[in-house]
Amino acid sequence: MKWTAVTEHRARLGEGPFWDAPTQALYWVDIAGKQALRLIGANVEIWQMPEHVSAFIPTQNGDALVTLSSGVYRLDLDSPGLEPRLTLLRMADPQPGNRANEARCDPLGQLWLGTMQNNIGAEGEDLPIEHRSGGLFRIGSDGRVQPLLRGLGIPNTLLWSPDGTTVYFGDSLDGTLYRHFIYPEGNLAPAEVWFGPHPRGGPDGSAMDARGYIWNARWDGSCLLRLTPNGQVDRVIELPVSRPTSCVFGGEDLKTLYITSAASPVGHPLDGAVLSMRVDVPGVACTRFAG
């Protein structure tokens, strides 16, 4: 597969890609750089956040959500990049010392937010993770928060089965992707191991294609793994970056795969870039926040 870097921008910790089909725009973040970014055509817009930001998701109301260390905020997309107008929606996780990490909206437009012990210093340096203090929370369009899981290490990957009965959820500290049955009232059944540790790096963010296969970015693995619905490796997609972090399907036909990445000690020139490549199967469209 042929890849290309979509911009010259390089992130310290690129993450959270979201493709907005109505506007044909790509949203993503640089967690360590405290930036929320949007690409429309060839134009990149950057909003500088006051805190680490892990996700940037447009809403049905016309603004966007940003998940910051102190809570989930609404961002006025018409505000200047250096002076973004932010309004607190909800503080989902009251645990001191935690920060937001993985966040995506389910097919109903509810925000699922995974948190973890903060592992990024004031200058963007790595800090050790000493506690499994993270959690998983669901935030409805009315702002109501429902806690779902506790005791998480590094939450990554949030995807839903085509019938909406199962959530696929990863913990990178375990090197494992899990699945949970979703009860009718919204609570989660105990975790089942869906895909365990693999020699090609650790599991980071993922995207689902129209056949129900999951494309998982492998931190320190320089690749994506395409996994069957039964949790078997179908394909290894080699990448020119050391630390791919997540991916999303986009483009008019949802057959362009966008891949975020992070800087690394290896120092590959494309580390931190957003890559794109054409693939042979369309993906599942992203859902805006319903509020």
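**Group meeting talk: strands, cores and salt bridges**

Let's start with a pair of strands. β7 and β8 run antiparallel, and five bridges join them. A hairpin of two residues connects β7 to β8. Across this pairing, L65 stands opposite R74 in β8. Before going on, please keep in mind that this is a predicted model.

Stay with β8. It has a further pairing, with strand β9, residues 86–90. That one is antiparallel too, over four bridges. Here V72 stands opposite R90 in β9. How many residues of β8 are buried? Five of its five, so to speak: the strand is mostly covered.

Now back to R74. This residue forms a salt bridge with D63, and the closest N and O atoms are 3.0 Å apart. R74 lies in strand β8 and D63 in the loop between β6 and β7, so the pair ties together parts that are eleven residues apart in sequence. Are these two buried or exposed? Both R74 and D63 are buried.

Next, the nonpolar cores. In general, nonpolar side chains tend to be buried together in soluble globular proteins. In this model the largest nonpolar core has 34 residues. Which residues have the most contacts inside it? They are M49, F56, V66 and L111. Several strands each supply at least two residues of this core. Among them are β3 at 25–30, β6 at 53–58, β7 at 64–68 and β8 at 71–75. β10 at 98–105, β11 at 111–117 and β12 at 134–139 belong on that list as well.

Take L111 as an example. Leaving aside residues up to four places away in sequence, L111 touches I57, L65, T67 and V72. It also touches A103, R104 and C105. F137, R138 and I139 are contacts too, and so is F289. Remember L65 and V72? L65 is the residue opposite R74, and V72 is the one opposite R90.

There is also a second, separate core. It has 17 residues, including A207, V241, C247 and A273. We will meet C247 again shortly.

Now a sheet. Four strands form an open sheet, in the order β10-β11-β12-β13, with antiparallel pairing. Which strands stand at the edges? β10 and β13 (145–152) do, each with a single partner strand, so one side of each is left without a neighbour in the sheet. On average, neighbouring strands of this sheet are turned by 20° against each other, direction ignored. Look at one pairing in there: six bridges join β12 to β13. I139 stands opposite V145 in β13. And I139 is one of the residues that L111 touches.

Move along the chain to Y258. It lies in strand β23, residues 256–262. Y258 is buried, because its relative accessible area is 12%, and buried means under 20%. Its contacts, not counting residues up to four places away in sequence, include V6, W19, L26, C247 and S276. So here is C247 again, a member of the second core. How far is Y258 from F18? Their C-alpha atoms are separated by 9.0 Å, with the two positions 240 residues apart along the chain.

S276 deserves its own stop. It is found in strand β24, residues 275–278. Its relative accessible area is 10%, so S276 is buried. With the same sequence neighbours left out, S276 touches K2, W3, T4 and V6. On top of those come T256, L257 and Y258.

Last topic: charges. Side chains of opposite charge can pair when their charged atoms come close. A search of the whole structure finds 14 salt bridges. In one of them, the side chains of R288 and D20 meet at 2.8 Å, N to O. That pair links distant parts of the chain: R288 sits in the segment after β24, D20 in strand β2 (residues 14–20), 268 residues apart. R288 is buried, and so is D20.

Compare R179 and E192. They form a salt bridge with the closest N and O atoms 3.1 Å apart. R179 is in strand β16 (residues 176–181) and E192 in strand β17 (residues 192–195), 13 residues apart. R179 is partly exposed, with a relative accessible area of 31%. E192 is partly exposed as well, at 42%. Finally, there is a network: salt bridges that share partners join D209, R226, D234, R235 and D280.

Notes. Residues are numbered from 1 along each chain as its sequence is written. This is a predicted model: local features need pLDDT of at least 70, side-chain atom pairs count only at pLDDT 80 or more; totals for chains, interfaces and linings use all residues. Side-chain values use heavy atoms; hydrogens and water are left out. A nonpolar core is a set of buried Ala, Val, Leu, Ile, Met, Phe, Trp, Tyr and Cys residues joined through side-chain atoms within 4.5 Å. Buried means under 20% relative accessible area, exposed over 50%, partly exposed in between (1.4 Å probe, protein chains only). Contact means heavy atoms within 4.5 Å. Two strands pair if DSSP finds at least two bridges between them. Axes are lines fitted to C-alpha atoms, for helices over the stretch in contact, and angles run from 0 to 180 degrees between N-to-C directions. A salt bridge is a side-chain nitrogen of Lys or Arg within 4 Å of a carboxyl oxygen of Asp or Glu.
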